[in-house]
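Here is a protein with its ligand. Start at the ligand and work outward.

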Amino acid sequence: MPLKKGRTGGAPIFMKAVYPGSFDPITYGHIDLVERSSKIFDEVIVLVMENVNKKHFFAHEERMRMVRLAVSHIHNVTITTHSGLLVDFARENDVKVVIRGLRAVSDFEMELQMAHANKSMLADFETLFLMTETSNSFISSSMVREIASFGGDISKWVPPCVKGEFKRKLGK
Ligand code: PNS
């Protein structure tokens with residue numbers, strides 16, 4: 001991939017962005033955002049957050065496995081994990097942009113708070129919001145979990161690898 005010229009005309013810069021989330025589980029909404037941001041940045045790091053304060057349906061290794069399979073078709077994506085503050089990951093890995101998706105206005109309030117909190121902890125860390133595609137605007141991991149738990153068909157919202165994980169876990 002060609003590198004962009006530095007802003008001052010100097011050495012080319014390699015632009016990377018981080019896309020963090022719980023991915024419990026990854027959905028077509030998340031995948032769409034990874035695909036679109038991979039066209040904007042040289043590298044997109046999908047960061048599967050491990051938060052001890054949060055209870056997840058899928059274990060960390062399961063979430064990682066599903067993410068790895070779900071985005072394996074995108075060449076400039078790396079998948080990794082982090083268990084602390086997002087800004088610490090950004091500082092340690094020299095990442096200056098975080099990508100977050102917005103489905104509806106209701107997402108905005110929490111996202112705005114997070115963006116401000118992150119920026120006040122790390123001044124040159126920017127949040128880039130991407131609107132989800134209309135067809136994905138109502139998909140959420142929690143909705144998928146709910147439907148799957150009652151035996152509903154989730155094929156429209158998640159890739160086959162995620163469907164398979166539910167089957168394995170729930171036995172349906
Ligand atoms: O998929 P989610 O649950 O909407 O993702 C939220 C996530 C994991 C990106 C956010 O909670 C996060 O960045 N957590 C790491 C801890 C942190 O840095 N908190 C300060 C930002 S308010």
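Which atom of the ligand does a polar side-chain atom of lysine 54 lie 2.8 Å from? An oxygen atom is the partner of lysine 54. This is a predicted model, in which local features need pLDDT of at least 70, side-chain atom pairs count only at pLDDT 80 or more, and totals for chains, interfaces and linings use all residues. Residues are numbered from 1 along each chain as its sequence is written, and side-chain values use heavy atoms, with hydrogens and water left out.

Arginine 100 also has a polar side-chain atom 3.0 Å from an oxygen atom of the ligand. Leucine 86 uses its backbone: a polar atom there is 2.8 Å from a ligand oxygen. The protein buries 71% of the 540 Å² that the ligand exposes when taken alone (Shrake-Rupley accessible area, 1.4 Å probe).

Now the shell (residues with a heavy atom within 4 Å of the ligand). Its members include Pro20, Gly21, Ser22, Met49 and Asn118. By class, the shell has 5 nonpolar, 4 polar and 2 charged residues. β1 (16–21) and α4 (105–121) each supply at least two of its residues.

Step back to the pocket. The ligand sits in the largest one (more than half of its atoms lie within 2 Å of the grid points). About 1,100 Å³ of space lies there. The lining has 43 residues, with Pro20, Gly21, Ser22, Lys54 and Arg100 nearest the pocket centre. α4 gives the most to this lining, with 9 residues. The lining divides into 15 nonpolar, 19 polar and 9 charged residues.

How values were computed: A polar contact is a pair of N or O atoms within 3.5 Å; within protein, one must be able to donate a hydrogen and the other to accept it, and residues adjacent in sequence count only if both atoms are side-chain atoms. On a 1 Å grid over the protein atoms alone, a cavity is a set of points where a 1.4 Å probe fits but cannot get out, and a pocket is an open set with protein on both sides within 12 Å along at least five of seven lines; lining residues have an atom within 4 Å of a point. Helices (H or I, at least four residues) and strands (E, at least two) are DSSP runs, numbered from the N terminus. Ala, Val, Leu, Ile, Met, Phe, Trp, Tyr, Cys and Pro count as nonpolar, Asp, Glu, Lys and Arg as charged, and the others, Gly among them, as polar. Grid points are joined across faces, edges and corners, and a volume is the space filled by probe spheres set on the points.
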